[in-house]
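Good morning, everyone. Please have a look at the slide before I start talking.

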Protein chains: 2
Amino acid sequence: MTTIGPAEPAPRRRRGRPGYDQPAILRTAIELFNRRGYDATSMGDLARELGLTKPAIYHHVTSKEQLLGEALADALDELTSVVTEASGERDGVSAYQRLREVVRRSVEVLVAHQPSVTLLLRVRGNSEVELAALERRRWLDDRLAALVADAVAEGSLRDNVPPALVSRLLFGMVNSLVEWYRPDGAYDHAVVADAITAIAFDGLARHEAHQV
Amino acid sequence: MTTIGPAEPAPRRRRGRPGYDQPAILRTAIELFNRRGYDATSMGDLARELGLTKPAIYHHVTSKEQLLGEALADALDELTSVVTEASGERDGVSAYQRLREVVRRSVEVLVAHQPSVTLLLRVRGNSEVELAALERRRWLDDRLAALVADAVAEGSLRDNVPPALVSRLLFGMVNSLVEWYRPDGAYDHAVVADAITAIAFDGLARHEAHQV
DNA sequence: CCTACCGATCGGTAGG
DNA sequence: CCTACCGATCGGTAGG
């Protein structure tokens, strides 16, 4: 029913031009979707960027929405791994330590999968694909909020701010890095991860000076 | 050349239907632009939402892009006021205090003008109007980064994270609240402003427990 | 001559 | 992978 599937294990002999495969088209599509926005990007734009005609793209891809779905699945799969692996209860590991680990690993995912995560964070729910992605995102948010609540309950986080609010602000800060982080820029991902965890957990005031 | 302008000071006698004025149409447009995205919102959608025909909208408004420009100007004017007023150097007011004031007043602007600020934060630069808005936004970002640098230089903020990075993360956290804040929701704007300043400046770890 | 619209349709372009 | 198209809808405007 569709030409999409796992990449052929052995590079088969091909007829015609070498051309693009689906992952290559997806990468370019994600880049354009981020640059101009999903709706403002036409399949013609994508064809021009690739040096193909519009119909040629449909040889590799069934729809524009499929490209979006593929991108969102990438981001969601990665974030789901982080949250399930790092937030799961383990003997001798406090909620506080697990939260710090989730923050650090989230930063790594945002850096390594920035284009698809950026798309995920901009989803508005305008189609079935987007609504499904929003549902998975909500599941992640709930797990993160529960982890923050655990850390508050165990006494390691401030309890004068509602945990749900803490969770939103903490991951709001984490997620904001997709707006400006550039892999070839001034900051290594480790520098960013350190800065975020330092600011989030210990604040940005010098401790001698944080009384107003 | 256009019927747009300041509202008539005295409500003159009208013939025909009472109808909408430009500010009312703008409010509805902003709401739709946020719900579905600017590009995904057609003037037909806006007309349907208002109970008008499409041509009727063009009686009040010259173009779809003008509506976007109006919204972005609202957000930018408000944020510019905050940054110029609260970040300006004054005798006896430290950069640290001014930064806290900017954060607090920014939260108030985000809450009071959430719809237009949300649009501003999603601009991609797809048109002249959007490019001009991005330029003004960059000006704001530069002023904020300078204020953070001043606070670091005066010794009140941690100096082990680059000031430019601190600025991005701090206002990334502030800006993230447009993604979830609801004026009729659980949190008063003062609660949110307190939570953000507390977390940002003093961190979310309890001070007895913030050593890992 | 005005404000406040309507029914119909313009030239182009969208995804497919 | 192209030329040649489709059904529909886009933002915007005509006359009345």
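Let's start with the axis. Of the residues of chain B, Gly203(B) comes closest to the rotation axis, with its C-alpha at 1.7 Å. Keep in mind that this is a predicted model.

Where does that axis come from? Take chain B and lay it on chain A. A turn of 180 degrees does it, with a shift of 0.1 Å along the axis. The RMSD is 0.1 Å. That is the relation of a two-fold axis.

Next, the interface. Of the interface residues of chain B, 98% are also interface residues in chain A, so the copies meet through the same surface.

Now one chain by itself. How many helices and strands does chain A have? The count is 9 helices and 0 strands. Read along the sequence, the pattern is α-α-α-α-α-α-α-α-α. Chain A has 212 residues, and 47% of them are buried. Its accessible surface is about 10,900 Å². Carbon and sulfur atoms hold 50% of that surface.

Look at the contacts in chain A too. Take those with a separation of 6 or more. Residues 24 or more positions apart account for 66% of them.

On to the DNA. How many residues surround DNA strand D? There are 15. The closest are Thr53(A), Lys54(B), Pro55(B), Tyr58(B) and Lys64(B). Of the atoms of DNA strand D that come within 4 Å of the protein, sugar and phosphate account for 50%.

What kinds of residue are they? The surface near DNA strand D divides into 5 nonpolar, 7 polar and 3 charged residues. Helix H3 (54-60) of chain A and helix H3 (54-60) of chain B each supply at least two residues there. H3(A) gives the most, with 4 residues.

Which side chains of chain B come up to the phosphate oxygens? I have three to show you. In Tyr58(B), a side-chain N or O atom is 2.7 Å from a phosphate oxygen of DNA strand D. For Lys64(B), a polar side-chain atom lies 2.8 Å from a phosphate oxygen of that strand. For Ser42(B), the distance from a polar side-chain atom to a phosphate oxygen is 3.5 Å. Tyr58(B) and Lys64(B) were also on the list of closest residues.

Let's leave the DNA and zoom in on two single residues.

The first is Thr118(B). It sits in helix H6, residues 114-122, of chain B. Is Thr118(B) buried or exposed? Its relative accessible area is 6%. The cut-off for buried is under 20%, so Thr118(B) counts as buried. What does it touch? Leave aside its neighbours within four places in sequence. Thr118(B) is then in contact with Asn34(B) and Val178(B). Its side chain also reaches the backbone oxygen of Gln114(B), at 2.6 Å. Now look at Glu179(B). Thr118(B) and Glu179(B) are 61 residues apart along the chain, yet their C-alpha atoms are separated by 7.7 Å.

The second is Ser156(A). Where is it? Ser156(A) is in the loop between helix H7 (128-153) and helix H8 (163-175) of chain A. With 7% relative accessibility, this loop residue counts as buried. Its side chain makes a polar contact with the side chain of Glu154(A), at 2.8 Å. The side chain of Ser156(A) also reaches the backbone oxygen of Ala151(A), at 3.1 Å.

That's my tour. Questions, please.

Methods. Residues are numbered from 1 along each chain as its sequence is written. Chains are lettered from A and ligands numbered from 1 in the order in which they are written. This is a predicted model: local features need pLDDT of at least 70, side-chain atom pairs count only at pLDDT 80 or more; totals for chains, interfaces and linings use all residues. Side-chain values use heavy atoms; hydrogens and water are left out. Copies are superposed by least squares on the C-alpha atoms of residues with pLDDT of at least 70 in both. Contact means heavy atoms within 4.5 Å. A residue is near a molecule or strand if one of its heavy atoms lies within 4 Å of it. A polar contact is a pair of N or O atoms within 3.5 Å; within protein, one must be able to donate a hydrogen and the other to accept it, and residues adjacent in sequence count only if both atoms are side-chain atoms. Ala, Val, Leu, Ile, Met, Phe, Trp, Tyr, Cys and Pro count as nonpolar, Asp, Glu, Lys and Arg as charged, and the others, Gly among them, as polar. Buried means under 20% relative accessible area, exposed over 50%, partly exposed in between (1.4 Å probe, protein chains only). Accessible areas come from the Shrake-Rupley method with a 1.4 Å probe; for residues, only the protein chains shown count as cover.
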